[in-house]
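Please find below a colleague's note, set out as numbered points, on the structure shown here. The points take up the sheet, the fold of one chain and the contact between chains in turn.

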Amino acid sequence: MEVPILKQGAVLIATFQAALSDADLNHLRSALVQQVVRFRSRGVIVDVTAMDVMDSFASRTLREIAHMIRLRGAETVIVGIQPEVAFAMVQLGLTLEGVATALDLEEGLAYLNQKFKTMK
Amino acid sequence: MARVEILVTISSDQDIVVARQKGRSLALELGFSSGDATLIATAISELARNIVSYAGSGQIALKDVQGSTRVGITVAASDNGPGIPNVSQALRDGFSTSGSLGLGLPGVRRLMDEFEIVSKPGQGTNVVVKKWRP
């Protein structure tokens, strides 16, 4: 299942569907990094609202995406981690350290816009 | 006696998704809250991933447990892979031999109520975990 990536101005938005396999996540990682380069994006929002399980692999892939995109000079924010998923992640010891998170798409956009202002 | 037994053959990353989806629906059928079902599905995901990464293939068995006073779910992950030479080391946070985060087993132990592991080099690994409905 491929993750759709939308372009909105300087921001790319990737919306996760439920039930992503490892291969889907790997595919998303390379697709996002390629598109950040192609569109000279300054920000990326990964919306995980629909994800019902965030295990160690998914969490590691999200960190890798955020770090790769930061090296490219853009910012990533993960939005929509469900409370139950957050609880399971903490039990599992997955903290997504060093990765920005926000409540939802709207807050994520607000976070990025704030970042863009200070980057100028 | 278990009333339900669901076997999922694990040999690819797609099977990990299937196993955790089946685990979640069984947990919900048994009356677990959706929060607990998420914990169970996450544990299944980690156990199935260990099978794919370390053994290549194996299976996950999902069963209900009918205790005299309580109901629970059992997840048994088994493979005929290389086994774990040092189980106590594998149960420590941060230990990994496959370049992953190394949080799999200790994390699974925290997500569930009971945890048993039997593993011998060359003879595969069996992990059985249980969660009781509160």
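**Notes on chain B and its contact with chain A**

1. In this predicted model, chain B contains an open sheet of five strands, which are arranged in the order β1-β2-β3-β5-β4 and paired in the antiparallel sense. The edges are formed by β1 (5-10) and β4 (114-119) of chain B, each of which pairs on one side only. On average, and with direction ignored, neighbouring strands of this sheet are turned by 15° against each other.

2. Within that sheet, strand β2 (residues 58-66) of chain B is joined to strand β3 (residues 71-79) of chain B by nine bridges, in an antiparallel pairing. One position that can be checked by eye is B:Ala61, which stands opposite B:Ala76 in β3(B). Helix α1 (residues 13-29) of chain B packs on the sheet, where it touches β1, β2 and β3 of chain B, and its direction makes about 165° with that of β1(B).

3. As for the chain as a whole, four helices and five strands are found in chain B, and along the sequence they follow the pattern β-α-α-β-β-α-α-β-β. The radius of gyration of chain B is 14 Å, close to the 14 Å that the globule rule gives for 134 residues, so chain B is as compact as a globular protein of that length. Taken along the principal axes, the box filled by the C-alpha atoms of chain B is roughly 40 × 25 × 25 Å.

4. Turning to the contact between the chains, 22 residues of chain B are in contact with 18 residues of chain A. On the side of chain B that touches chain A, the elements giving two or more residues are α1, α2 (34-55) and α4 (104-111) of chain B, and α2(B) gives the most, with nine residues. By class, this side of chain B has six nonpolar, ten polar and six charged residues.

5. How do the axes of helix α3 (residues 83-92) of chain A and α2(B) cross, and within what distance do they come? These axes come within 9 Å and cross at roughly 45°, which makes α3(A) oblique to α2(B), and the crossing of the two helices is right-handed. The contact is made by A:Glu84, A:Val85, A:Phe87, A:Ala88, A:Gln91 and A:Leu92 of α3(A), together with B:Ser34, B:Gly35, B:Thr38, B:Leu39 and B:Thr42 of α2(B). The residues of this contact between α3(A) and α2(B) divide into five nonpolar, five polar and one charged.

Conventions:
Residues are numbered from 1 along each chain as its sequence is written. Chains are lettered from A and ligands numbered from 1 in the order in which they are written. This is a predicted model: local features need pLDDT of at least 70, side-chain atom pairs count only at pLDDT 80 or more; totals for chains, interfaces and linings use all residues. Two strands pair if DSSP finds at least two bridges between them. Axes are lines fitted to C-alpha atoms, for helices over the stretch in contact, and angles run from 0 to 180 degrees between N-to-C directions. Two residues are in contact if their C-beta atoms, placed from the backbone, lie within 7 Å. Ala, Val, Leu, Ile, Met, Phe, Trp, Tyr, Cys and Pro count as nonpolar, Asp, Glu, Lys and Arg as charged, and the others, Gly among them, as polar. Angles under 35 degrees count as roughly parallel, over 145 as roughly antiparallel, 65 to 115 as roughly perpendicular and the rest as oblique. A crossing is left-handed if the near helix is turned anticlockwise from the far one by less than a right angle, and right-handed if clockwise. The radius of gyration is taken over C-alpha atoms; the globule rule is 2.2 Å times the number of residues to the power 0.38.
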